[in-house]
Amino acid sequence: MGTEQGERIMSKDKYWVRIRCKRCGERFILKGRMRKGQIETGFKQCLCDNQTDFDIHTERC
Ligand SMILES: [Zn+2]
């Protein structure tokens, strides 16, 4: 009861970040890192210049 296996405190938590552009449907799969409660990927914008309208799913590597 209450044992959380696989839960490790590491500074280099890595995530897969799947991004789908809602405007043109382009998909991106990036590696991200958790920093200060947010996942950083370095992703800036889609090929269609969309910077805000995305479906984003993250999962642990
Ligand atoms: Zn797009």
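A residue counts as exposed if 12 or fewer other C-beta atoms lie within 10 Å of its own, and as buried if 20 or more do. D49 has 8 such atoms within 10 Å, so D49 is exposed. That cut-off returns below.

**Model and confidence**

This is a predicted model. The protein averages a pLDDT of 87, and 80% of the residues score at least 70. Among the elements, β1 has the highest mean pLDDT, 96. The lowest mean, 91, belongs to β3. Where pLDDT is low, the predicted coordinates should not be read in detail.

**Overall fold**

The protein holds 4 strands and 0 helices. Read from the N terminus, the elements run β-β-β-β. The 4 strands form an open sheet with antiparallel pairing. Their order across the sheet is β3-β2-β1-β4. β3 (38-40) and β4 are the edge strands, each pairing on one side only. On average, neighbouring strands of the sheet are turned by 40 degrees against each other, direction ignored. Strands of a sheet pair through backbone hydrogen bonds, either parallel or antiparallel.

Of the 61 residues, 5% count as buried. Sequence-distant contacts can be summarised too. Among contacts between residues at least 6 apart in sequence, 49% join residues at least 24 apart.

**Pairings of β1**

Strand β1 covers residues 14-21 and runs antiparallel to β2, residues 27-35. The two are joined by 7 bridges. β1 also pairs with β4, residues 54-60, in the antiparallel sense over 7 bridges. Individual residue pairs show the register.

| Residue | Opposite residue | Strand of the opposite residue |
|---|---|---|
| V17 | L30 | β2 |
| R20 | R27 | β2 |
| Y15 | R60 | β4 |

V17 has L30 as its bridge partner in β2. R20 stands opposite R27, also in β2. On the β4 side, Y15 stands opposite R60. In a regular strand the side chains alternate between the two faces of the sheet.

K14 lies in strand β1 too. Is K14 exposed or partly exposed? K14 counts as partly exposed, because it has 13 C-beta neighbours inside 10 Å. Leaving out residues up to four places away in sequence, K14 touches K31, R33 and C61. K14 and K31 are 17 residues apart along the chain, yet their C-alpha atoms are separated by 6.9 Å.

**Turns and loops**

Three residues with positive phi deserve a look. The first topic is the hairpin. The hairpin of β1 and β2 has 5 residues between the strands. Within this hairpin, G25 takes a positive phi near 85 degrees.

Next come residues other than glycine. K36 lies in the loop between β2 and β3. Its phi is positive, near 50 degrees. K36 counts as exposed, because it has 5 C-beta neighbours inside 10 Å.

D49 sits further along, in the loop between β3 and β4. What is the phi of D49? The phi of D49 is positive, about 75 degrees, although D49 is not a glycine. As stated at the start, D49 is exposed, with 8 other C-beta atoms within 10 Å.

**Summary**

The sheet is open, with the order β3-β2-β1-β4. β1 pairs with β2 over 7 bridges, and with β4 over 7 bridges. Positive phi values occur at G25 in the hairpin of β1 and β2, at K36 and at D49.

Note on methods. Residues are numbered from 1 along each chain as its sequence is written. Two strands pair if DSSP finds at least two bridges between them. Axes are lines fitted to C-alpha atoms, for helices over the stretch in contact, and angles run from 0 to 180 degrees between N-to-C directions. pLDDT is the predictor's confidence in each residue, from 0 to 100. Two residues are in contact if their C-beta atoms, placed from the backbone, lie within 7 Å.
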